[in-house]
Amino acid sequence: MSYKKSSLMPVDVENLRRRSSADSEHSVDPEQHHHVPRRQSQTDWLCVGPHHPELGAVETPSPDASAHYFCHFTPKCFLTVPRGGHGTSRSTSSRCGEEGWHESTTKTTIRAENEVEAQREANNYKFGFRKWKGNVTEKPIEDRSDIIKGLYSDLSIVKPQEGPVVTFGNIVYVILFGWWISLIYFIICPVMFLTIFGAPYGKLCFKMAWYFIWPFGKSIEKAGDVVKRSVAKPPKCEVIPEERDSDKDSRPLLMSSPIPVEIPVPELPARITSKHWCRISTFVWLLLGYPVLAVVHSLACVLSWLLVFPIPVAKMNARTLTIVLLMAPEDIQIHRLEKQTLEYETRVILCCYQAFNVYYYKYTVQGINIFALNMLPLVLFTLIIGYTDREHNVCSAEAKFTTAIASIIPLSYYIGMGIASISAQSNFAVGAVVNATFGSITEMTFYITALLQGHNAKTKCYEEVVKSALTGTLLGCILFVPGICMIIGGIKHQEQRFNSRSAGVSSALLFISVGGVFAPTLFSKTFGNLMCESCTNIPGNASLAFVCKNCHYDTSSADPLLILSHIEPLVYTISVLLPSAYLIGLIFTLKTHSHIYDIHISDGQGGHAHGGHHVVHWSRWRALGVLIVSTILMACCADLSTENIEPILTHSRVSQYFIGVTVLAMVPELPEIVNGIQFALQNNISLSLEVGSCIAVQVCMIQIPLLVLFNAFYDVGFVLVFSDIHLWASIFSVILVNYIFMDGKCDYFQGTALVVVYLILLALYFFAPSPRSC
């Protein structure tokens, strides 16, 4: 392929810029541009011109209409995936089997920063893969928005002040932190003066006390160490064309172009090593003043960090503790910042404008969300208290159960991120194995530990709780998850469209799943014996019917041979058929009919996209280590939760059905719910719906057969026969969600319908009587 420098006129450049922007916005299929030759490959590439608005002027191939490609490789990778709905028609392809489907689909362009992120995005659209919203590679800070850049500021740069400093968050800071930090400084101040030698630090404490009561709009600087960086813009130059009487075109003598302006920055004076460490006052300060303030600032730092939104307060306290309080007192200067009319930045030691920032929910450390990071101490606390306080002297069983269930949330997050990191850095086979192995580990650890606990306690109550949790996960993932995503996404985008063909595949698998899982229940109701606890009638009047209470179909005590000779073989048969159907669904969506998802990643030459230099948050081995450790901790937390749930099951006024359907079912799925909501906010409702459908299908086709297999090798008394309330709630929910998904579009009203039905079912479980075995 020959390349040459592009010599386009400004008008041509602008036309190319507009055409490139229009192509990326409208997601034009490259097949429509018949004049651009393309290579036959399994992937398509969305090419952008050299003057794309996000790209600078670079050396590019010639746009000459020759046999060469007019594509320029850039560090931006593009994924093209279909979105259901009524869009522009596509040309039929030889590899696509159904014309009607292809004529009613369009492609949605998704940009990925590098190859790893492109692979992660592609995995999100693969059936059976866990959906993950967060990045698995580190995004350069210069490529982020100003809001995100502000989150990672170290409070050492004074920027032009925007808006008032008297805000609601700053007032809350004074109430929560400012007054008692300032009070401690005021208490230490006279102590340092009484030591005579510590008088300089007494003055410092007095100044710091007034600073911390209201630090906003003030700066702490080191004497003689201020650097200003001007960002003044060059003056504008107006072009005045020369007037002539002739008809010839005249050009201006002065051509307007950006003129780089270099503003010299004075060099810093040579640093002089401070000798304040050799003073007596410093030793007095380190002995009497600094230890107390270290405890105070550490406490304020930890509290503000755990609250997430006041993280600037944590940074301010940490910087004060590690830098300001260790400086010579005479070098510390506090100034009040006035609103500057010039645009310049000043580097200082400490400067803070706001104590709270609502965008800190996006803050990450090594790719880990701040909420998941802050919940790690809860996991350690749960394990220590749970295994050391067996007699419940420190915490009650209910409190241990609550902390154990809450600890599952961050561990589920780490498992999800580990799966996404390994899958994005590996081939399809490795990604499929990791998703199949660890994708359901969160739920399986709890189910197995609960069944073991019930087997050891010789009670069937734990089995009923497990069945309630299975049903609750199914109901939540096909009603609540898509419903809440439709509501939040519909409020922002009014109407959203999704891939109805892929949703149809998931719906068909849901029908197969529910039919297979509840087939033994229908079988037992057909051939089981109707048992009643008490039947009465009027004595001496045999013509009247008996009045019976608590009637149910009994398949255990009435006719044990029914289970051994009929139900167990049926259950084993279904446990083989359901995974087989799941495997066929994988082959259908990922191999033979992969055009349903239509994912293409290429570099314009038929190869994979290479997104330039990128740094992954977790390498493959690190992610594998996190997966293993998180799985072990998950098993421990599940063991503690099932061990301490017994008082709740026996003494709670709430039905055990409700506990299993809500708490035990939905808490482990909270990270998935958050991912679905984030997809919906980005107008990607297809992935939001796939999040719930994927979990629901895995529950029926993977988790339940695994429980049956576990029971076959270690008999814990698990029989795949559900209560009537589980049966009819699940069947009704699957029928409803298939009706909602038929037209390929949704809004907040349809989402509200799903959520309301889910709440109605929860009310049904709440007021239902407890299971007979509990």
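The following legends describe an overall view and several close-up views of a predicted model.

**Figure 1. Overall view of the protein chain.** The predicted model contains 25 helices and 18 strands. Among the 774 residues of the protein chain, 47% are classed as buried. Of the contacts with a separation of 6 or more, 81% join residues 24 or more positions apart. The accessible surface amounts to about 39,300 Å², and carbon and sulfur atoms contribute 63% of that surface.

**Figure 2. Helix H22, residues 670-681.** Helix H22 has 12 residues, and at 1.5 Å a residue the expected span is 16 Å. The C-alpha atoms at the two ends of H22 are 17 Å apart, in agreement with that expectation. After H22 comes Asn683, which has a positive phi near 60°.

**Figure 3. Buried residues of H22 and their packing partners.** Eight positions are shown here: Pro671, Glu672, Ile673, Asn675, Gly676, Ile677, Phe679 and Ala680 of H22 are buried. In an α-helix, residues three or four places apart point the same way, because there are 3.6 residues a turn. The buried residues of H22 pack against helix H21 (663-666) and helix H23 (685-713). Their other partners are helix H3 (115-124), helix H11 (397-424), helix H14 (461-493) and strand E12 (495-497).

**Figure 4. The largest cavity and its lining.** The structure has six cavities of 30 Å³ or more, and the largest cavity encloses about 130 Å³ of space. Its lining consists of 15 residues. Arg130, Gly439, Glu672, Ile695 and Gln698 are the lining residues nearest the centre of the largest cavity. One of these, Glu672, is also among the buried residues of H22. Helix H23 contributes five residues to the lining, the most of any contributor.

**Figure 5. Cysteine residues Cys278 and Cys351.** Searching the whole structure for disulfides gives zero. Cys351 accordingly takes part in no disulfide; the nearest cysteine sulfur belongs to Cys352 and lies 7.3 Å away. For a disulfide, the two sulfur atoms would have to be within 2.5 Å. Cys351 has a relative accessible area of 3%, so Cys351 is buried, the cut-off being under 20%. Cys278 has a relative accessible area of 69%, so Cys278 is exposed, the cut-off being over 50%.

Technical notes. Residues numbered from 1 in each chain as written. Predicted model: local features only at pLDDT ≥ 70, side-chain atom pairs only at ≥ 80, totals over all residues. Heavy atoms only, no water. Helix = DSSP H or I, 4+ residues; strand = E, 2+ residues; numbered from the N terminus. Expected span 1.5 Å × (residues − 1). Buried < 20%, exposed > 50% of the residue type's maximum accessible area, 1.4 Å probe, protein only. Contact = heavy atoms within 4.5 Å. Areas by Shrake-Rupley, 256 points an atom, 1.4 Å probe, with all protein chains shown as cover. 1 Å grid on protein atoms, 1.4 Å probe; cavity = no way out; pocket = protein on both sides within 12 Å on 5 of 7 lines; lining within 4 Å. Points joined across faces, edges and corners; volume = space filled by probe spheres on them.
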